[in-house]
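Welcome! Please keep the sequence and the 3D view open side by side while you read, and look up each residue as it comes along.

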Amino acid sequence: MADQYAASAASAVPGGPRSPGVPDLVPALRWEERPEGPVVVLLDQRRLPAEEVELVCTDVPALVEAIHVLAVRGAPLLGIAGAYGLALAAVRGFDVEESAQMLAHARPTAVNLGYGVRRALAAHRNALRGGADAGAAGAAALAEARALHREDAEASARMAAHGLALLEELLPGGGYRILTHCNTGALVSGGEGTAMAVAGAAHRAGELRRLWVDETRPLLQGARLTAYEAARAGMAYTLLTDNAAGSLFAAGEVDAVLIGADRIAADGSVANKVGSYPLAVLARYHHVPFVVVAPTTTVDLGTAEGAAIEVEQRPGHEVTELAAPSVPGAGTAAGSGVPVAPLGTQAYNPAFDITPPELVTAIITENGVVSPVTEGGLAELCARSRSG
Ligand code: MRU
């Protein structure tokens with residue numbers, strides 16, 4: 001049944017699945033110089049997997065709106081988008097400081113967004129302080145965005161290598177059955193992503209027996225996006241409703257959980273897509289490793305503990321209505337989807353939850369692995385990036 005689903009999902013993807021072993025990196029975001037001025041081009045993730053449609057942002061409000069509606073999403077890519085957004089403001093002559101505020105506050109939980117904006121802003125300010133004119137300062141902001149984009153791709157490759165080595169150590173028998181949640185692949189990264197990059201490395205090593213993909217209610221990042229990426233990579237994958245994870249663990253079908261993160265507090269608490277915390281509880285009960293894969297840009301040493309992380313609350317209509325992703329604008333406004341609850345129903349819709357460090361077996365970064373998760377170990381991994 002699983003393989004049958006994989007085939008039908010793949011046929012919805014233009015071009016179909018690529019050869020196993022060949023990573024297929026979807027350009028989720030790119031900077032493009034056009035005669036009328038530079039633009040940030042996004043792959044509109046609301047429309048996947050039905051259509052690969054580009055969304056062209058000519059100014060910062062358009063990019064902020066794209067972030068709000070999750071046309072562009074996922075922590076590392078939000079950082080990259082924030083940096084290019086700042087560069088767009090600078091190069092096109094908009095108010096850079098105001099644009100920085102708008103971009104950095106477009107969504108609250110993923111720490112990468114503010115990080116990307118601040119990096120490009122600092123490059124812009126430094127250039128101006130050094131006597132650069134507006135054009136040269138814009139170019140400095142753009143160079144910084146490009147550097148962040150490149151670094152994220154490099155971090156992704158390093159996390160994949162560290163992750164594969166960890167899996168070999170934790171599960172010496174090979175043939176991994178990995179459960180993942182939300183979407184953590186090339187769609188959220190300059191490279192192959194975070195958790196999905198590790199799954200990709202296991203796949204290329206011939207050791208990924210099955211990728212279990214949580215559908216990830218309410219916006220279905222697992223069903224729409226992770227299944228899309230898994231199909232393109234030729235992985236053996238099976239989609240499940242979030243509620244089915246418990247019986248999957250009980251049946252002994254999960255060898256490890258691999259997820260990404262939107263923000264990791266100094267104590268190792270992990271904010272990630274809502275539904276991650278219940279998986280950590282299940283994993284602990286069933287003695288299954290629960291592994292978080294995130295670049296050090298997702299670690300926020302300025303936030304002491306999980307309780308201090310702001311969790312984004314999303315509109316209730318995302319729960320009370322089912323969106324049709326292939327319809328432009330569907331799901332972005334109340335009333336645009338198919339109702340699945342009586343009119344006027346209130347919904348609890350946090351976008352993320354917090355997993356305490358004691359439930360996390362390991363955190364994999366580009367600088368190595370911390371396991372068990374300790375404040376000191378995490379700080380030490382981060383210091384390796386920040387000093388070099
Ligand atoms: O609301 P989203 O789709 O932006 O949430 C994304 C996630 O929760 C991802 O798991 C997280 O950003 C890690 S991706 C590398």
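## A small sheet

Strand β8 (residues 263-265) runs parallel to β11, and the two pair over two bridges. One place to look is Ile264, whose bridge partner in β11 is Val299. This is a predicted model, so please read everything below as a description of a prediction.

Which strands make up the open sheet, and in what order? There are four, arranged β11-β8-β9-β14, with mixed pairing. At the edges sit β11 (299-300) and β14, each of which pairs on one side only. In general, strands of a sheet pair through backbone hydrogen bonds, either parallel or antiparallel.

## Around the ligand

Now turn to the ligand. There are 18 residues around it, and those that come nearest are Arg73, Ala75, Cys182, Gly260 and Lys273. Helix α3 (75-92) and strand β9 (270-273) each supply at least two residues of this shell. Sorted by character, the shell has eight nonpolar, seven polar and three charged residues.

An unreviewed UniProt entry gives the feature "binding site" at Arg73, Gly74, Ala75, Arg107, Gln221, Asn272 and Lys273.

## Arg73 and Ala75

You can find Arg73 in the loop between α2 (60-68) and α3. Is Arg73 buried or exposed? Arg73 counts as buried, because 26 C-beta neighbours lie inside 10 Å. Apart from neighbours within four places in sequence, Arg73 is in contact with Gln45, Leu78 and Val188.

Ala75 belongs to helix α3. Its 28 C-beta neighbours inside 10 Å are why Ala75 counts as buried. Leaving out neighbours within four places in sequence, the contacts of Ala75 include Val188, Gly260, Asp262 and Thr298.

## Asp262, marked in the record

Asp262 carries the UniProt annotation "active site", again from an unreviewed entry. The loop between β7 and β8 is where to find Asp262. Asp262 counts as buried because 30 C-beta neighbours lie inside 10 Å.

Which residues does Asp262 touch, not counting those up to four places away in sequence? They are Ala75, Thr109, Ala110, Ala271, Asn272, Thr298 and Phe352. Two of these names may look familiar: Ala75 and Asn272 are among the positions that UniProt lists as "binding site".

## Tyr115 in helix α5

Helix α5 (residues 111-129) holds Tyr115. With 20 other C-beta atoms within 10 Å, Tyr115 is buried, because 20 or more is what a buried residue needs. Tyr115 touches Gly79 and Thr297, residues up to four places away in sequence not being counted.

Try finding Ala104 as well. Tyr115 and Ala104 are eleven residues apart in sequence, and their C-alpha atoms are 8.2 Å apart in space.

## One side of helix α10

Helix α10 covers residues 276-285, and its buried residues are Ser276, Leu279, Ala280, Leu282 and Ala283. They lie on the same side of α10, because they cover an arc of only 165° around the axis.

What covers these buried residues? The cover includes the strands β4 (176-180), β7 (256-259), β9, β10 (290-293) and β14 (352-355), together with helix α9 (245-250). Strand β9 is also one of the elements that supply residues to the shell around the ligand, and β14 is an edge strand of the sheet described at the start.

Just after α10 comes a last detail to look up: His287 takes a positive phi of about 60°.

Conventions: Residues are numbered from 1 along each chain as its sequence is written. This is a predicted model: local features need pLDDT of at least 70, side-chain atom pairs count only at pLDDT 80 or more; totals for chains, interfaces and linings use all residues. A residue is near a molecule or strand if its C-beta atom, placed from the backbone, lies within 6 Å of it. Ala, Val, Leu, Ile, Met, Phe, Trp, Tyr, Cys and Pro count as nonpolar, Asp, Glu, Lys and Arg as charged, and the others, Gly among them, as polar. A residue is buried if 20 or more other C-beta atoms lie within 10 Å of its own, exposed if 12 or fewer, and partly exposed in between; C-beta atoms are placed from the backbone. The arc is that of the directions from the helix axis to the C-beta atoms. Two residues are in contact if their C-beta atoms, placed from the backbone, lie within 7 Å. UniProt positions are given in the numbering used here, feature names are shortened, and annotations may be inferred rather than shown by experiment. Two strands pair if DSSP finds at least two bridges between them.
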